[in-house]
Amino acid sequence: MPAEANTAAKAARPAVRAAQPATPPLTERQEARRRRILHASAQLASRGGFDAVQMREVAESSQVALGTLYRYFPSKIHLLVATMQDQLAHMHGTLRKKPPAGETAAERVAETLMRAFRALQREPHLADAMVRALTFADRSVSPEVDQVSRQTTVIILDAMGLDDPTPAQLSAVRVIEHTWHSALITWLSGRASIAQVKIDIETVCRLIDLTDPSGQG
């Protein structure tokens, strides 16, 4: 089990960094088209939330045929979940340019997640659309949802400074991811303040200290 968990963690990093599926690879032209689609999706969601993202409007805004759009993204849910992965990838790049300054791994992860949260807070309609899509996603959207999860995992592991996490540390990361996602939902629904979100994130990040094999956090 430990070997399997470590292998999965190592595999997650290159898998997440690729914004598109490994097979078949996208050509440069296809990748440019995909980026236009994701940009149009984010722009429409930013202006009007989940309901504002209509596939025909996305096609028109990104200058692709509607049939082409559906070949890239079979549904609005697929599109918005992919949009969230793309937004997280952008955040990850920003975080790498300015890494968290906390002394302990728990502090760095909490700071990282709150910075990501505040980025979403600046675009509440977009955040709501993406989180709703994740909530509505069924098994057909599993590859896109897995990309979001892997992207979040890599962001957390980078903040922790880990390349080879233990099974216990990976378990802690999963719990942190679940809490962060839940915090987004409760904040978007008006059931939690930013202050409460911060407390919850800092609390769950203490699991990192508990699962640190060196006992140093």
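Q: How do the residues of the lining of the largest cavity divide into nonpolar, polar and charged?
A: In this predicted model, the largest cavity is lined by Leu88, Leu113, Ala116, Thr152, Ile155 and Trp180. Leu, Ala, Ile and Trp count as nonpolar, whereas Thr, being in neither the nonpolar nor the charged group, counts as polar. The lining therefore divides into five nonpolar, one polar and no charged residues.

Q: Which helices each supply at least two residues of the lining of the largest cavity?
A: The cavity in question has a volume of about 30 Å³, and the count of cavities of 30 Å³ or more comes to one. Among its lining residues are Leu113, Ala116, Thr152 and Ile155. The helices that each supply at least two residues of this lining are helix 6 (105-121) and helix 8 (142-160).

Q: At what angle do helix 8 and helix 9 pack?
A: Two packed helices are described by the angle between their axes and by the distance between those axes. For helix 8 and helix 9, the axes lie 10 Å apart, and helix 8 passes helix 9 in a right-handed crossing. The angle at which they pack is about 115°.

Q: Which residues in helix 9 are met by residues in helix 8?
A: From helix 8, the residues that take part in this contact are Ser149, Thr152, Thr153, Ile156, Leu157 and Met160. Taken over both helices, the residues of the contact divide into six nonpolar, three polar and one charged. On the side of helix 9, the residues met are Val173, Ile176, Glu177 and Trp180.

Q: Why does Thr186 count as buried?
A: Thr186 has its place in helix 9, which covers residues 167-188, and, leaving aside neighbours within four places in sequence, Thr186 is in contact with Arg191 and Ala192. A residue is called buried when its relative accessible area is under 20%. Thr186 counts as buried because its relative accessibility is 18%.

Q: Which residues does Ser62 touch, not counting residues up to four places away in sequence?
A: Ser62 has its place in helix 3, made up of residues 55-62. With a relative accessible area of 1%, Ser62 is buried. Once the residues up to four places away in sequence are set aside, those that Ser62 touches are Arg36, Ile37 and Ala40.

Q: How many helices does the secondary structure of the protein chain come to?
A: The protein chain has 217 residues, of which 46% count as buried. From the N terminus on, each element in its order is an α element, and the number of strands is zero. The number of helices comes to eleven.

Terms used:
Residues numbered from 1 in each chain as written. Predicted model: local features only at pLDDT ≥ 70, side-chain atom pairs only at ≥ 80, totals over all residues. Heavy atoms only, no water. 1 Å grid on protein atoms, 1.4 Å probe; cavity = no way out; pocket = protein on both sides within 12 Å on 5 of 7 lines; lining within 4 Å. Points joined across faces, edges and corners; volume = space filled by probe spheres on them. Helix = DSSP H or I, 4+ residues; strand = E, 2+ residues; numbered from the N terminus. Buried < 20%, exposed > 50% of the residue type's maximum accessible area, 1.4 Å probe, protein only. Contact = heavy atoms within 4.5 Å. Axes fitted to C-alpha atoms, helices over the stretch in contact; angles between N-to-C directions. Left-handed = near helix turned anticlockwise from the far one by under 90°.
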